[in-house]
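Me: I have a structure open and want a quick walk through it. Can we start with one residue and work outwards?

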Amino acid sequence: MFLIDTISRIVHVATAITLVGGSVFTLFVLLPSAKTLSSEAHKQLAEAINGRWKRFIHGGIALFLISGFYNYFRAIPNHKGDGLYHGLLGAKMLMAFVIFFFASALVGRSPRFDGMRANKSKWLGLIVLLATIIVCLSGFLKIRG
């Protein structure tokens, strides 16, 4: 079990590093830089990036769900009756599902979310904020014991 536990934790953390890092890069480096491009060049760049980033988002969500639920079921027996742990973990999971929704909407093609995609930096900022809160909660829960 130790090997599977270790692999699951590595997959979970590596996925977080990749997706959160990519989101931070997009918000603070790529989007401001892309504003200097012509509208045609900007559109081309956005389509090229979105096509690749979509695979990372969808694959990352799958990896988060698999490793997260595995980690959850392995950790829960160690925290019976610990209301603070369960409350913070529940909040972390709810925020993760909100992030999954927003990230999927931003890389999707549904016309329903064109408004979100038009204001990408606002929604990406919310994703980065929620991800930062999740990282803080995760760090606290891990060292709290």
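**Residues, fold and a pocket**

Reply: Sure. S67 lies in helix α2, which covers residues 39-75. Keep in mind that this is a predicted model.

Me: Is S67 buried or exposed?

Reply: S67 is buried, because its relative accessibility is 3% and the cut-off for buried is under 20%.

Me: What does S67 touch, leaving aside neighbours within four places in sequence?

Reply: S67 is in contact with S8, V11 and H12, once those sequence neighbours are set aside.

Me: Switching to T18. Which helix holds T18?

Reply: T18 sits in helix α1.

Me: And what is the relative accessible area of T18?

Reply: It is 36% for T18, so this residue counts as partly exposed. The partly exposed class runs between the 20% and 50% cut-offs.

Me: Which residues does T18 contact, again without neighbours within four places?

Reply: W53 and F56 are in contact with T18 on that basis.

Me: How far is T18 from G60 in space?

Reply: Their C-alpha atoms are 8.4 Å apart. In sequence, T18 and G60 are separated by 42 residues.

Me: Let's zoom out. How many helices and strands are there in the protein chain?

Reply: The protein chain has five helices and zero strands. From the N terminus, the order reads α-α-α-α-α.

Me: What box do the C-alpha atoms fill?

Reply: Along the principal axes, the C-alpha atoms fill a box of roughly 55 × 30 × 25 Å.

Me: What share of the residues is buried?

Reply: Buried residues are 30% of the 145 in the protein chain.

Me: And what about contacts between residues 24 or more positions apart?

Reply: Such pairs account for 72% of the contacts with a separation of 6 or more in the protein chain.

Me: How much surface does the protein chain expose?

Reply: About 9200 Å². Carbon and sulfur atoms supply 71% of that area.

Me: How many positive and negative side chains are there?

Reply: The protein chain has 16 positive and 5 negative side chains. The centres of the two sets lie 4 Å apart.

Me: Now pockets. How much space lies in the second largest pocket?

Reply: The second largest pocket holds about 160 Å³ of space. Elements giving two or more residues to its lining are α1 (2-34), α4 (114-118) and α5 (120-144).

Me: Which element gives the largest share of that lining?

Reply: Helix α1 does, with three residues in the lining of the second largest pocket.

Me: Which residues line the second largest pocket?

Reply: L27, L31, P32, K35, H42, R117, A118, N119, K120 and S121 line it.

Me: Moving on to R112. Where is R112?

Reply: R112 is found in the loop between α3 (83-107) and α4.

Me: Buried or exposed, this R112?

Reply: R112 has a relative accessible area of 76%. Exposed means over 50%, so R112 is exposed.

Me: How far is R112 from I17?

Reply: The two C-alpha atoms are separated by 29 Å, and the residues are 95 apart along the chain.

Me: Last one, G87. Where is G87, and what is its relative accessible area?

Reply: G87 is in helix α3. Its relative accessible area is 43%, so G87 is partly exposed.

Me: And the spacing of G87 and F101, in sequence and in space?

Reply: G87 and F101 are 14 residues apart in sequence. C-alpha to C-alpha, G87 and F101 are 21 Å apart.

Note on methods. Residues are numbered from 1 along each chain as its sequence is written. This is a predicted model: local features need pLDDT of at least 70, side-chain atom pairs count only at pLDDT 80 or more; totals for chains, interfaces and linings use all residues. Side-chain values use heavy atoms; hydrogens and water are left out. Helices (H or I, at least four residues) and strands (E, at least two) are DSSP runs, numbered from the N terminus. Buried means under 20% relative accessible area, exposed over 50%, partly exposed in between (1.4 Å probe, protein chains only). Contact means heavy atoms within 4.5 Å. Accessible areas come from the Shrake-Rupley method with a 1.4 Å probe; for residues, only the protein chains shown count as cover. Lys and Arg count as positive and Asp and Glu as negative; His and the chain ends are not counted. The place of a charge is taken as NZ of Lys, CZ of Arg, CG of Asp or CD of Glu. On a 1 Å grid over the protein atoms alone, a cavity is a set of points where a 1.4 Å probe fits but cannot get out, and a pocket is an open set with protein on both sides within 12 Å along at least five of seven lines; lining residues have an atom within 4 Å of a point. Grid points are joined across faces, edges and corners, and a volume is the space filled by probe spheres set on the points.
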